[in-house]
Amino acid sequence: MREIQEFSLDDLKHLLSPRALTGETVVLNMGPQHPSTHGVLRLILELDGETIVNCIPDIGFLHTGIEKNMESKTYMKAEVMTDRMDYLFTLGNNLTYALAVEKLVGIPVPPRADSVRVILTELSRISSHLIWIGTSALDLGAMSVFLYAMREREMILDIFELVSGQRMMTTYIRPGGLWRDVPVQFNELLQQFIDIMPKRIDEYESLLTHNSLFLERTQGIGVIDIPTALNWNVSGPTLRAAGMAHDLRKTNPYCGFEQYDFEVPTQTTGDVYGRYLVRVAEMRESVKIVQQALDKMPMGPSLTYDNKFIPPPRSEIGVSMESLIHHFKYWTEGFLPPAGSVYAAVESPRGELGVFLESDGGPKPYRVHYRTPSIPLISAFSILAKGHMVSDMVAIISSIDLVLGDADR
Amino acid sequence: MNETLQAAVEGISGRFKVQTAEFRGDVTLLVPNDQVVDICRVLHDEFDFDTLPLETAVDYHPKTSPRFHVVYGLYSTKTHLYLYLRAPVDGENPHISTVESVYKSANWREREIFDLFGIIFDGHSDLRRLEMPPDWEGHPLRKDYPLGYEEVQFTFNFDEIDLRKPKGER
Amino acid sequence: MGIERKTGNMGILTTTVEGLMKWSRTNSMWPMSFGLACCAIEMMATEASHYDMSRFGMELMRASPRQSDLMIVAGRVAQKMAPVVRNLYDQMPDPKWVIALGDCAACGGVFNNYAILQGVDEIIPVDVYIAGCPPRPEGLLNGIMLVYQKVRSEKSTNWK
């Protein structure tokens with residue numbers, strides 16, 4: 001087994017100030033196991049008393065080798081691994097992969113599948129924001145918000161379990177549509193959730209938004225402005241809190257988002273409090289989108305009918321010989337897409353989540369690369385934390401909503 | 001192709017030697033290795049491509065020249081358009097210059113490509129491994145690096161694999 | 001039974017020293033929060049109010065290994081993280097128990113490649129394995145009950 005790798009000050013001297021080498025400032029390790037780093041993030045802090053002079057993030061403690069592993073599985077089997085990357089926005093990873101494969105192969109998606117995809121990804125976004133609000137309030141000391149947020153999240157996980165059988169890693173959104181159509185109780189359960197949710201969001205706001213302790217700890221902390229954010233490629237609520245109304249659901253719409261009426265909330269301060277307000281407003285907008293999608297959901301098939309690239313429906317296999325042959329070839333060898341490379345992107349609660357997929361004509365993907373939003377957020381962290389104190393840094397880490405599974409893959 | 005994108009592509013192909021390709025609506029320019037930074041600077045300053053969301057590499061192993069392609073995807077927040085660049089990199093001496101001076105987000109992306117593929121970026125301020133431990137040998141995402149999987153334990157080979165498997169002690 | 005009936009409500013309880021030790025070890029075992037990946041989210045869901053872990057005395061997840069006696073390894077262990085896990089396990093004082101939560105900690109899970117340890121029992125000895133990807137909160141509660149059964153049934157051998 002390996003030994004723990006220690007960095008010496010010489011290795012890092014191009015990133016630290018000259019005062020670290022003389023010993024005037026302390027270089028401290030905030031190690032991978034720490035209650036307030038969300039996940040396994042290691043920070044090497046250079047401290048002058050309690051003020052941070054430099055901050056060097058070190059990642060890789062959750063590197064799973066997913067991209068290489070996906071190259072040795074067929075297109076359908078590789079999708080199972082995609083849920084486990086950004087484990088708070090699980091259906092979004094599936095959706096991105098499905099959009100990329102559909103773009104590569106060139107198959108359309110039926111409108112019923114599109115509206116169910118929109119509903120489930122918006123529910124996933126709400127559940128990710130609920131975990132964010134729970135853990136960030138927990139870091140700042142407000143423990144009851146965590147318990148309330150998890151209570152709502154259980155309702156969302158009940159809907160996922162009804163639809164796919166699994167609470168979190170569902171792999172429900174597949175290239176061509178959905179795995180199976182939604183059951184009959186789906187509409188009723190979803191309507192119950194939509195009726196309750198806005199009042200619950202009001203409850204969280206009543207606890208935190210005008211709370212003077214929360215305001216003191218979050219206003220003016222971790223400010224980022226728009227040109228820096230664009231150069232460091234920060235996207236998502238962090239960019240919207242800085243002032244730019246950029247949302248991939250509006251600018252490059254996918255899955256029929258252009259037919260839904262929703263706003264993109266922005267703030268101008270760019271600090272931790274601004275990001276909090278943006279995310280709470282986003283939760284409300286997501287509930288509106290889910291209501292509209294539920295009202296407009298058309299009847300129809302939930303999976304395209306295309307025997308070359310999509311598994312044939314179960315009912316046909318018993319009666320048609322061609323369907324049986326296609327089913328057999330599909331699950332043993334896989335399908336053969338044309339050669340070429342595509343890129344498809346989706347708006348995740350952290351920013352732009354995209355897949356770069358290159359195929360050489362074989363049944364296995366030649367190169368899959370996930371462009372995840374957490375890497376630019378962590379690399380911009382060294383700018384966000386300069387000049388603040390260690391306890392402010394806890395607030396900043398929780399406000400940029402990191403998921404280390406996303407960054408390390 | 002969109003007109004703004006057409007104008008950008010013609011602006012670039014007038015000044016540099018590039019090949020254009022279009023597949024499923026994505027426009028890709030094949031650019032020579034040493035002119036990547038200049039092209040990125042022109043696209044950033046004149047054609048409003050202000051962010052670099054995608055930067056990755058692909059390994060075409062049995063081919064040695066070029067063995068790698070470094071893929072850049074640029075995005076403009078004003079016109080909402082994507083443009084992709086591909087730069088070939090040699091197999092024996094994999095060097096390419098860094099675009100960190102134009103886009104700061106390339107810093108960590110290039111560290112990741114160095115870690116997983118072994119392509120060296122000239123002029124990078126901090127080229128260290130990102131995901132693997134610092135003393136790891138080899139570059140995992142190359143095609144000649146094995147997947148490293150463990151053989152599955154069935155009943156017929158249960159005992160012999162059990163002997164080889166490391167077990168933690170108190 | 002005779003002496004208990006005679007003393008009645010004088011408030012005296014008789015038991016063995018071993019029984020007393022086991023009772024004190026199981027009621028309110030403090031876990032060390034070692035959430036690495038997706039299973040950590042299910043562990044947090046178990047701690048919340050719907051599937052309450054506070055009825056076992058475990059709602060307090062101690063961050064420091066020196067103050068905890070149960071280590072729940074929740075998530076996949078990568079090559080860079082392995083020596084850190086061993087270091088933390090060594091820092092925990094005796095008696096200590098380990099639960100491997102989820103498929104990745106038990107056997108490597110979906111990921112059979114160069115970067116993930118095939119089971120955390122390659123570096124530390126595990127007492128209870130819980131299957132699932134991620135396991136339901138009821139699964140984690142069942143695993144905790146199994147640890148309690150194990151503690152209650154083991155004989156104390158070193159009396160130093």
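**Notebook: chain C, its sheet and its neighbours**

I began with the sheet of chain C, and I noted an open sheet of 4 strands in the order β1-β2-β3-β4, with parallel pairing. At the edges I found β1 and β4 (128-130) of chain C, each of which pairs on one side only. Going from one strand to the next, I read an average twist of 15°. I reminded myself that this is a predicted model, and that strands of a sheet pair through backbone hydrogen bonds, either parallel or antiparallel.

Next I looked up one pair of strands in detail, and I saw that β3 of chain C, residues 97-101, pairs with β4(C) in the parallel sense over 3 bridges. Which residue of β4(C) stands opposite C:Ala100? I found C:Tyr129 in that place.

Then I turned to the helices that meet the sheet. I noted that α6 of chain C, residues 137-153, packs on the sheet and touches β3 and β4 of chain C, and that the direction of α6(C) makes about 170° with that of β4(C). I also followed α3(C), which lies across β1, β2 (70-74) and β3 of chain C and runs at about 130° to β2(C).

Stepping back to the whole chain, I counted 6 helices and 4 strands in chain C, and reading along the sequence I wrote down the pattern α-α-β-α-β-α-β-α-β-α. I then checked burial, and I found that 43% of the 160 residues of chain C count as buried. For contacts in chain C between residues at least 6 apart in sequence, I recorded that 78% join residues at least 24 apart.

After that I examined where chain C touches chain A, a contact that takes 32 residues from chain C and 30 residues from chain A. I listed β1 (31-35), α3 (38-47) and α4 (82-91) of chain C as elements that each supply at least two residues to this side of chain C. Which element gives the most to the side of chain C that touches chain A? I found that α4(C) does, with 6 residues. Sorting the residues of this side by class, I obtained 22 nonpolar, 6 polar and 4 charged.

Finally I looked at the contact with chain B, where 12 residues of chain C are in contact with 11 residues of chain B. On the side of chain C that touches chain B, I noted 4 nonpolar, 5 polar and 3 charged residues.

Notes:
Residues are numbered from 1 along each chain as its sequence is written. Chains are lettered from A and ligands numbered from 1 in the order in which they are written. This is a predicted model: local features need pLDDT of at least 70, side-chain atom pairs count only at pLDDT 80 or more; totals for chains, interfaces and linings use all residues. Two residues are in contact if their C-beta atoms, placed from the backbone, lie within 7 Å. Ala, Val, Leu, Ile, Met, Phe, Trp, Tyr, Cys and Pro count as nonpolar, Asp, Glu, Lys and Arg as charged, and the others, Gly among them, as polar. A residue is buried if 20 or more other C-beta atoms lie within 10 Å of its own, exposed if 12 or fewer, and partly exposed in between; C-beta atoms are placed from the backbone. Two strands pair if DSSP finds at least two bridges between them. Axes are lines fitted to C-alpha atoms, for helices over the stretch in contact, and angles run from 0 to 180 degrees between N-to-C directions.
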